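Q: Could we go through this structure together? I would like to start with how the helices pack and then turn to the sheet.

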Amino acid sequence: MNSTIPILYSFRRCPFAIRARLAIYFSKIKVEIREISLSNKPQEMKRLSKKFTVPILKIDDIVLDESLDIILWSLKNNDEHNLLSPYYAQKEETLETIEIFDHNFKFHLDRYKYSSRYLQDEDYLGRNEHKEQAANILEKIERILKTSKNNYIFKNRLSILDICLFPLVRQFRIADKNWFDSEFRFNSTARWLHNIIEQDYFEKIMIKYAEWVKEKKIQYFSYQDTNRIID
């Protein structure tokens, strides 16, 4: 383990930061959390990674700027809930599923949810077409959940698959909540998503922190700290 408290640069609503915080929460690792504004990113964060985006975790001299790397680092340190079980049982398939959602699904999600940003792009197909392309990818998860009738993707227990996928699916739902919740194609997926976002742990990782760049105030995030704030 590290000798100093790791520093996590985060943005509350970012789906990749959400899943990084959830893994850190379950690992019970204490971090200093630095909530940023996407329009006013601190120089300290920019110096750590050329990606200039969250999440970034600094552990002594190590910098992790991919959410999946943060998840794996956290849970390999402490995984008392066996959240990595599909990673160990079927590593290639698990990582492939996560990659499809991180790249293909996210590509269409952005052009559906934030369509006005991409109107001039050559690869922009129209809001509804990107919505449909994302929906086609999501049908894989719907089939798994519908067939198993489980609340989670892998063996009816929360795992790295749920942690990685649900923040992106949550964004997809937010783009048109009424459509998503009533869309017959995603009855099982909607049930799965609502089950996760209604859990106490989701409320705790979505606690609002003061923007760090303005006050440089030290704030901590951990299983213990979030429970204390809620209680």
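A: One convention is needed beforehand: an angle of 65 to 115 degrees between axes counts as roughly perpendicular. Please also keep in mind that this is a predicted model.

Q: Fine. At what angle do helix 6 and helix 9 pack, and how far apart are their axes?

A: Helix 6 (residues 127–148) and helix 9 (residues 187–197) pack at an angle of about 85°, and their axes are 8 Å apart. The two helices are therefore roughly perpendicular to each other.

Q: Which residues meet there?

A: From helix 6, Leu138, Ile141, Glu142, Leu145 and Lys146 take part. Their counterparts in helix 9 are Asn187, Ser188, Thr189, Arg191 and Trp192. By class, this contact has 4 nonpolar, 3 polar and 3 charged residues.

Q: On to the sheet. What is the strand order?

A: The order is 4-3-1-2-5, in an open sheet of 5 strands with mixed pairing. Strand 4 and strand 5 are the edge strands, each pairing on one side only.

Q: How does strand 1 pair with strand 2, parallel or antiparallel?

A: Strand 1 (residues 7–10) and strand 2 run parallel and are joined by 4 bridges. The chain passes from strand 1 through helix 1 (residues 15–27) to strand 2, a β-α-β crossover that is right-handed. As for individual partners, Leu8 is bridged to Ile33 in strand 2, and Ser10 to Glu35.

Q: And what is on the other side of strand 1, I mean strand 3?

A: Strand 3 (residues 56–59) pairs with strand 1 in the antiparallel sense, over 3 bridges. Here Tyr9 stands opposite Ile56.

Q: What links strand 3 to strand 4?

A: The two strands form a hairpin with 2 residues between them. Asp60 in that turn has a positive phi of about 55°. The pairing of strand 3 with strand 4 (residues 62–64) is antiparallel and comprises 3 bridges, with Lys58 partnered by Val63 in strand 4.

Q: How many bridges are there at the opposite pairing, strand 2 with strand 5?

A: There are 2 bridges between strand 2 and strand 5 (residues 220–221), which pair in the antiparallel sense. Glu32 has Tyr220 as its bridge partner in strand 5.

Q: Why would one call strand 2 largely enclosed?

A: Strand 2 (residues 31–35) has 5 of its 5 residues buried, so the rest of the structure largely encloses it. Both faces are covered: Val31, Ile33 and Glu35 are buried on one side, Glu32 and Arg34 on the other.

Q: Which strands does helix 1 lie across?

A: Helix 1 lies across strand 1, strand 2 and strand 5, and runs at about 150° to strand 1. Helix 3 (residues 67–77) lies across strand 1, strand 3 and strand 4, running at about 45° to strand 3.

Q: A change of topic: Arg111. Where does it lie, and is it buried or exposed?

A: Arg111 lies in helix 5 (residues 91–113). The cut-off for a buried residue is under 20% relative accessible area. Arg111 has 10% relative accessibility, so it counts as buried.

Q: What does Arg111 touch, not counting residues up to four places away in sequence?

A: On that basis, Arg111 touches Tyr118, Asp121, Asp123, Tyr124, Arg127 and His130.

Technical notes
Residues are numbered from 1 along each chain as its sequence is written. This is a predicted model: local features need pLDDT of at least 70, side-chain atom pairs count only at pLDDT 80 or more; totals for chains, interfaces and linings use all residues. Side-chain values use heavy atoms; hydrogens and water are left out. Buried means under 20% relative accessible area, exposed over 50%, partly exposed in between (1.4 Å probe, protein chains only). Two strands pair if DSSP finds at least two bridges between them. A crossover is right-handed if, with the strands pointing away from the viewer, the path from the first strand over the helix to the second runs clockwise. Contact means heavy atoms within 4.5 Å. Axes are lines fitted to C-alpha atoms, for helices over the stretch in contact, and angles run from 0 to 180 degrees between N-to-C directions. Angles under 35 degrees count as roughly parallel, over 145 as roughly antiparallel, 65 to 115 as roughly perpendicular and the rest as oblique. Ala, Val, Leu, Ile, Met, Phe, Trp, Tyr, Cys and Pro count as nonpolar, Asp, Glu, Lys and Arg as charged, and the others, Gly among them, as polar.
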